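Please find below my notes on the model under review, set out as numbered points that can be read alongside the coordinates.

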Amino acid sequence: MTTTLSERVSQSAFDGSMLRVVLLMDLHEGTQQQFFEAYEKLRNDIASVPGHISDQLCQSFEDPSQWLITSEWESAPQYLAWVNSEHHAEQVRPLGACARSMRPLKFTVLRETGRGYDQAARPSTARLQSTPRLGAGIVRHALTFTVKPGSEKDVAAILSSYASPAARVDDHTRLCRTSLFMHGNRVVRTVEVQGDLMAALRHVSEQPEVRAVEEAINPYLEQDRDLGDPESARMFFMRAAVPAVHHIAAPEPESAEVQRHAIFYPAKPGCGQLLARFLAAQDEAAAHRPTSPVRSSSIFQRDDIVVRLIDVRGPLEADPETVYGTAGPRKAAVLDRLTVAPGGRGRPARHTMDLITDRRAPAPS
């Protein structure tokens, strides 16, 4: 059986498809009118965001505490540029103050049916996803933050020493793997979840061993936070979030000889999304080569922070061009133009991060 490239790519923000975003919210009792008024103040601002097509605010007719915001976007990168911005964080602060819980869901649009879907009325740049992507039911996410210079060894010791939280979240959600890396004073934590990502993140944050670690590193953080204040904690983790924008993997089962690495690419100001798109194209090109040592790659990007998480068979330097995303004519020069400090011909700016801990949940019994 031939495995097509679309079967290897299980996630991509760069296929040009329209995006439908669904935000499920459960409000604190008595805040319905406050929430509605906050949304009314925001909706004109939201409508003017580049790439925004439409949105709807809905209230459950069964339970007035349950609300739903749906929005449609020309493409995923346009939505991500807005949702990851500092302006967005401040915009949604009044809404978040009313919510007991929020669960965002993002879908690319494959097909539309009905009289309401008049293609002539849509932006010319909006299109449907051409074919379904296949995957293993895994959701990927990353968090990043910086610590005070000089504290790196202390932080690494704290982050490597805690007991792993229980993998099972509920009947439908399971924490599969957590990998933590550092480069300089930047920390990157990636998670892989089967099921509901938000439920898994809440589960992890509630575990005593994890809370103790988070409190222990508080004095070392460059950005202050108060985990005892729900709003402070929510804003910190919102700003720390680095969503996965692309994932591609070989179809064969993972073997013991495959090792996990993270590469940090320092993007030039305003070039983060272009850099992530470039790396995604490089990974897709490499997937056509059976000899590629990269068995899977996940690209995480927020603003100008770009991290590529790769599982590699064999040593990194056996095929450095594929491993670092510079295979092909002038690809190293392109990467040089997108990163902060060129590393010289054939050596564009990128940094292999130090692995602090890589924890996999045991197989379910």
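1. Leaving aside residues up to four places away in sequence, V323 touches I263, Y265, P293, V294, R308, I310, V312 and L316 in this predicted model. V323 is also among the residues with the most contacts inside the largest nonpolar core, a set of 44 residues in which M25, F35, Y79, L275 and L279 are listed alongside V323.

2. A second nonpolar core, separate from the largest one, has 18 residues, and its members include M182, V213, I217 and A241.

3. Helix α8, which spans residues 208-217, contains E214, and this acidic position deserves a careful look. E214 counts as buried because its relative accessibility is 8%, which falls under the 20% cut-off. The side chain of E214 makes a polar contact with the side chain of R225 at 2.5 Å. R225 also appears among the residues that E214 touches, together with R189 and L227, when residues up to four places away in sequence are not counted.

4. A search of the whole structure for disulfides finds 0. C58 takes part in no disulfide, and the nearest cysteine sulfur, which belongs to C98, lies 17 Å away; likewise, C98 is in no disulfide, with the sulfur of C58 as its nearest at 17 Å. Since a disulfide here requires two cysteine sulfur atoms within 2.5 Å, the 17 Å separation does not qualify.

5. How do the two cysteines stand in terms of burial, buried or partly exposed? C58 counts as partly exposed because its relative accessibility is 27%, whereas C98, at 0% relative accessibility, counts as buried.

Conventions. Residues are numbered from 1 along each chain as its sequence is written. This is a predicted model: local features need pLDDT of at least 70, side-chain atom pairs count only at pLDDT 80 or more; totals for chains, interfaces and linings use all residues. Side-chain values use heavy atoms; hydrogens and water are left out. Buried means under 20% relative accessible area, exposed over 50%, partly exposed in between (1.4 Å probe, protein chains only). A nonpolar core is a set of buried Ala, Val, Leu, Ile, Met, Phe, Trp, Tyr and Cys residues joined through side-chain atoms within 4.5 Å. Contact means heavy atoms within 4.5 Å. Helices (H or I, at least four residues) and strands (E, at least two) are DSSP runs, numbered from the N terminus. A polar contact is a pair of N or O atoms within 3.5 Å; within protein, one must be able to donate a hydrogen and the other to accept it, and residues adjacent in sequence count only if both atoms are side-chain atoms.
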